[in-house]
Amino acid sequence: MVEIVATRRSQEAQLLDVATQLAQISEVIGGSITNNAGGAPGHDPIRVGAAVRARGLTPNVHLTCVRHDRNGLRKMLEDIHSVEIENVFAMTGDFPKSNAAAAIFDLDSVQLVHMIDELRQAGNPYWIAVAVSPFKYAEPDCVYQYLKLKKKIAAGANYAITQLGYDAKKFRELKRYLDDNIGPFPVLGNVYVLNCRAAEKMANGDIPGCWVSPKLQRIVKTESQDADKGLLARLERAARMVAILRGLGYAGAYLGGTHDAGDIRWIIRRAERLQPRWEELAEELNFAPERAFYLYKSSTPASVNRGIVPRLLDTMVNLFPVNRDSGLRRLLAKIFGWVDRKPALAHTLERFEAAIKSPLFGCQSCGNCVLGCMEYVCPQTCPKQMRNGPCGGANNHGTCEVDEKPCIWASVYERAKAANEVDRLGAYIPPPDRSLKGTSSWINYFLNRDVRPATSQSLTLLSGAKPAAVVNLRRPAQTIPLEKSDLVPLKTETGPKRG
């Protein structure tokens, strides 16, 4: 699959000419059309996707949560279905640093996959790709990426595409994790034709989710001094990565960094010739930071103490079990129901609740408190308000891509590890009911108004929209038997046939 970057800097006519040329390469099964790359809006990916499809190339349309709430995302999915596009790449998306006011992030990527699967069960035949980054070298980031991938698969994902990195050990680690925990689930390895400018931006952390080591950056800079400005060297590196991915049993490669059909053909042919040497080449592709964490090789010390507040709150939950039907819960429900019928009193209670929770947890009065599911770390303190795990944008020091503070999910993981409850982090947390913002989460909890894992509702119902009639459809298979030479499992039945 080849990435088609549909930014405003690209002419649509050029993009469609690229699609025409790529459609003539039999090994290229689809074009993946970006949406809000880098957080900035580009060409309408649905319009470009429809035009790409008309030129004989199966489109895979990126769908991000950056600039649309759940109603807007549903509308985009309906538009995608209306032009008979089936392949969707569901991502949270990059934060738009140049225009922070445009950031919405009503859903995270797991919740988006859940929404797409709901629409699929209602009759729209989507085929869902999701992202995963094995190139995380701190333990919380690494483990959480894999936990989040399991959530995405459970929500309905059909295959995964890695983010960008140049470390064969991490490619191997992800494949082993999937084999051990999921089974034969298809994954594509990201292969980027790395030029000097891109290497510098990635090394500096300017492109979230993409990391280039200082050592590799120096190599690419030296290569750029060649007569061909490093073209042959970067194509060779890409071909070697494709050969390694095939050797490891990946379903295919996701090629970026070039649209040139001649380059793509050269990479494919060269990778075929290099295939017998893939293990030797894998030993050479090892651009990782010092003291890097590897899931199956690194021994890590016991986690730090959870802290007094989480332990105290857990003790209270155990002493006063209000999270299940009991006499105490029924009594409190009656009391909070009475308070709710008196608006002034309910507002006073909400202000009292905020006065306690804001300094302790950074509470922003969302009305849908899930502190107990997140080791008492408030998801509203994440710039993207994510509830199911970190995005792939944090750097190798665990710093958030947006505000350069420590990623909140590191604290969630460390506390869960200290309590020996990391497995609990795999629970799906639904999106909040935004209409409850500014109300007391205590009232909402005892009156069963809020949305938590135990009271998960349909995304359609949460939005206030009328639910679609659900028909009994068999979900597309989530596991596909693949040979090492197989390419990406895109749905191509409805697309134009190649000449």
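Is Asp-179 buried, partly exposed or exposed? With a relative accessible area of 41%, Asp-179 is partly exposed, because that value falls between the 20% and 50% cut-offs. Keep in mind that you're looking at a predicted model. Here's a quick tour, going from the whole chain down to single residues.

**The chain as a whole**

- The protein chain has 499 residues, and 53% of them count as buried.
- Its secondary structure adds up to 17 helices and 8 strands.
- Take the contacts between residues at least 6 apart in sequence: 79% of these join residues at least 24 apart.
- About 22,400 Å² of the protein chain is exposed, with carbon and sulfur atoms supplying 53% of that area.

**Helix α2, an enclosed helix**

- Helix α2 covers residues 45-54, and it is largely enclosed by the rest of the structure because 7 of its 10 residues are buried.
- The buried ones are Pro-45, Ile-46, Val-48, Gly-49, Ala-51, Val-52 and Arg-53.
- So what do the buried residues of α2 pack against? Their partners are the strands β1 (2-4), β2 (30-33) and β3 (58-64), plus the helices α1 (12-23) and α3 (70-82).
- At the start of α2, Asp-44 has a side-chain oxygen that comes to within 3.0 Å of the backbone nitrogen of Ile-46.
- After α2 comes Gly-56, which has a positive phi, near 95°.

**Ser-213, in a loop before α8**

- You'll find Ser-213 in the loop between α7 (196-203) and α8 (214-223).
- Ser-213 has a relative accessible area of 3%, so it is under the 20% cut-off and counts as buried.
- A polar atom of the Ser-213 side chain lies 3.1 Å from the backbone nitrogen of Leu-216.

**Salt bridges within helix α6**

- A search of the whole structure turns up 26 salt bridges, and here are a couple in α6.
- Lys-170 pairs with Glu-173, their closest N and O atoms sitting 3.1 Å apart.
- Lys-170 and Glu-173 are about one helical turn from each other, because they are 3 residues apart in helix α6 (residues 168-181).
- Lys-170 is buried, at a relative accessible area of 0%, and Glu-173 is buried as well, at 4%.
- Lys-175 makes a salt bridge with Asp-179, and here the closest N and O atoms are 3.0 Å apart.
- Lys-175 and Asp-179 are 4 residues apart in α6, again about one turn of the helix.
- Why does that spacing matter? An α-helix has 3.6 residues a turn, so residues three or four places apart point the same way.
- Lys-175 is buried, with a relative accessible area of 15%, whereas its partner Asp-179 is partly exposed at 41%.

**A salt bridge between distant parts of the chain**

- Arg-434 forms a salt bridge with Asp-106, and the closest N and O atoms are 2.7 Å apart.
- This pair links distant parts of the chain, 328 residues apart. Arg-434 is in the loop between α15 (408-418) and α16 (441-446), while Asp-106 is in the loop between β4 (87-91) and α4 (109-121).
- Arg-434 is partly exposed, with a relative accessible area of 33%, but Asp-106 counts as buried at 8%.

**A salt-bridge network**

- Which residues are linked in a network of salt bridges? They are Glu-236, Arg-240, Arg-270 and Glu-284.

Note on methods. Residues are numbered from 1 along each chain as its sequence is written. This is a predicted model: local features need pLDDT of at least 70, side-chain atom pairs count only at pLDDT 80 or more; totals for chains, interfaces and linings use all residues. Side-chain values use heavy atoms; hydrogens and water are left out. Buried means under 20% relative accessible area, exposed over 50%, partly exposed in between (1.4 Å probe, protein chains only). Helices (H or I, at least four residues) and strands (E, at least two) are DSSP runs, numbered from the N terminus. Contact means heavy atoms within 4.5 Å. A polar contact is a pair of N or O atoms within 3.5 Å; within protein, one must be able to donate a hydrogen and the other to accept it, and residues adjacent in sequence count only if both atoms are side-chain atoms. Accessible areas come from the Shrake-Rupley method with a 1.4 Å probe; for residues, only the protein chains shown count as cover. A salt bridge is a side-chain nitrogen of Lys or Arg within 4 Å of a carboxyl oxygen of Asp or Glu.
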